[in-house]
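Please study the sequence and the structure shown below, and then work through the exercises that follow. Each task is followed by a solution in steps.

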Amino acid sequence: MSAAGSNAPAAPLPTDPGVLKACTFDGARATLKHKDLVSARHLTGWPVMGGAIVTMDGPAHRARRKLESALFGPKNLPRYELEVLQPAIDTALRQAAEQHREEDGVVRLDLVALGRRMMISISAAIVGLDIANDDEARFRRLDDCLTALIGGVTIEWSHDDHTEVLARAVEWKRVFGDEFVAPAMERRRAVIARAGSWADEQPDLISTLLSDAEQQWSYDDVLTESVQYLVASSGTSVTSTVHTINHLIEWFEEHPDDRARVGDADFLRQAAMESLRLHPGPHILMRRAVADVETAEFTAHEGDFVGADLRQANRDPEVFGENPERFDLEREIRKDAQRDGFTFGGGRHVCIGRPLALGTYGRRGEEDVDGTIVRALRTLFAAGVRPSQTATPRRANGVDDRFEFFPVVLADL
Ligand code: HEM
């Protein structure tokens with residue numbers, strides 16, 4: 001059992017054997033959709049995330065979801081991808097070429113750090129942190145905040161000392177608030193007071209919350225929601241990009257003809273989705289029963305904690321076919337499933353940022369975007385990304401399935 005933060009009910013860790021689990025595809029879907037199974041996310045990291053949208057349920061969650069969904073509408077998605085991410089990619093690659101070219105003329109660097117520099121710019125734009133694309137010092141400071149905050153948000157999966165990880169995350173949440181969120185709120189409040197609304201400026205999370213007609217947002221609430229968006233958008237997208245590259249490099253060894261498809265958005269999206277299926281991040285989504293609940297896999301009594309085990313559900317052979325643990329771009333999938341399984345969740349908490357990460361691919365017609373992960377993959381393959389022969393990748397210390405360090409060569413940069 002973990003020591004939960006203040007105001008949070010004491011909670012088991014997702015990996016505790018006592019937690020009831022849905023491990024099949026259909027069981028995970030039933031769990032995520034069930035009206036009497038409510039969010040029990042981040043109870044151990046409550047001082048960092050308690051009160052963020054993913055920890056809420058009921059009418060308050062519905063209202064907040066409606067408010068924030070506007071950020072992912074057809075006007076904003078192309079803006080994030082083309083006006084924010086693309087310049088950030090260009091800057092990151094230019095700097096990589098300047099700073100990481102070694103004596104033999106080859107650029108060698110850590111793909112995790114490069115990916116973070118690209119994705120953090122989009123997170124900053126979505127939250128509304130007012131950082132100029134070339135302000136490296138501010139991005140580095142934000143990246144320091146992100147590192148500690150990811151520790152707090154993924155604490156349930158860490159093998160490090162939980163008290164220390166949480167204390168560090170809480171301290172950096174304060175820094176993130178003082179140095180980024182508070183000035184952004186001040187600027188937006190001033191514009192809203194002067195012009196009557198933020199409507200003439202680009203919308204972002206903070207301006208959206210401060211313009212909410214239904215409720216007054218306190219500083220603490222804006223700060224926690226900003227932490228949710230910063231972490232949810234940056235860490236996940238970087239992790240997926242790195243895993244996909246790792247799988248594709250191996251795939252090309254067995255399927256050399258597919259190498260020619262690295263400029264094709266649909267091919268890269270399929271690869272990203274197959275990789276996302278295999279690596280669903282913090283893979284047990286915790287829920288708490290608010291009434292007795294019976295499913296095909298478990299009977300939960302009111303108050304019990306249950307988890308949708310995405311790693312198992314995403315490898316259900318009934319849905320994903322033979323050898324479900326293999327990265328296989330040719331696998332046939334049951335018609336009612338997506339290739340990425342439940343990696344973006346399901347039901348009322350399903351990821352709000354999925355179209356940003358994977359694109360809209362035809363669903364929105366003219367406003368079509370490739371998706372930030374697809375765009376990052378295409379750019380990295382165009383730069384000739386290859387595994388390093390001289391350094392070894394390092395994984396995070398814990399159950400959390402991500403690389404902390406992934407050395408590569410950018411052979412064509
Ligand atoms: C590869 C990328 C991503 C993955 C794998 C991912 C995964 C997830 C999952 C599994 C959930 C559901 C949590 C639950 O049910 O307990 C979720 C929710 C959420 N995600 Fe994502 N996410 C990604 C990208 C993003 C991006 C880019 C954003 C924002 C820009 C974002 C914002 C959110 C938010 C705000 C929620 C909470 C929604 C709610 O509770 O109603 N995510 N995400």
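**Exercise 1: A small sheet**

β8 and strand β11 (residues 407-410) are paired in the antiparallel sense over three bridges. The model is a predicted one: local features need pLDDT of at least 70 and side-chain atom pairs count only at pLDDT 80 or more, while totals for chains, interfaces and linings use all residues. Residues are numbered from 1 along each chain as its sequence is written.

Task. State which order the three strands of the open sheet have, and which strands stand at its edges.

Solution.
1. Strands are DSSP runs of E with at least two residues, and helices are runs of H or I with at least four, numbered from the N terminus. Two strands pair if DSSP finds at least two bridges between them.
2. The order is β3-β11-β8, with antiparallel pairing.
3. β3 (107-110) and β8 (385-387) each have a single partner strand, so one side of each is left without a neighbour in the sheet. These two strands therefore stand at the edges.
4. On average, neighbouring strands of this sheet are turned by 35° against each other, direction ignored.
5. Within the sheet, proline 387 stands opposite valine 408 in β11.

**Exercise 2: The surroundings of valine 181**

Task. Determine whether valine 181 is buried or exposed, and which residues it contacts beyond its neighbours within four places in sequence.

Solution.
1. Valine 181 is located in helix α7 (residues 162-195).
2. A residue is buried if 20 or more other C-beta atoms lie within 10 Å of its own, exposed if 12 or fewer, and partly exposed in between, with C-beta atoms placed from the backbone.
3. Valine 181 counts as buried because it has 24 C-beta neighbours inside 10 Å.
4. Two residues are in contact if their C-beta atoms, placed from the backbone, lie within 7 Å. Leaving aside neighbours within four places in sequence, valine 181 is in contact with Phe176, Val222, Leu223 and Ser226.

**Exercise 3: Two helices**

Task. Describe how α7 and helix α9 (residues 219-254) pack.

Solution.
1. Axes are lines fitted to C-alpha atoms, for helices over the stretch in contact, and angles run from 0 to 180 degrees between N-to-C directions.
2. The axes of α7 and α9 are 10 Å apart, at an angle of about 110°.
3. Angles under 35 degrees count as roughly parallel, over 145 as roughly antiparallel, 65 to 115 as roughly perpendicular and the rest as oblique. α7 is therefore roughly perpendicular to α9.
4. The contact is made by Lys173, Phe176, Gly177, Val181 and Met185 of α7, together with Tyr219, Val222, Leu223, Ser226 and Val227 of α9.
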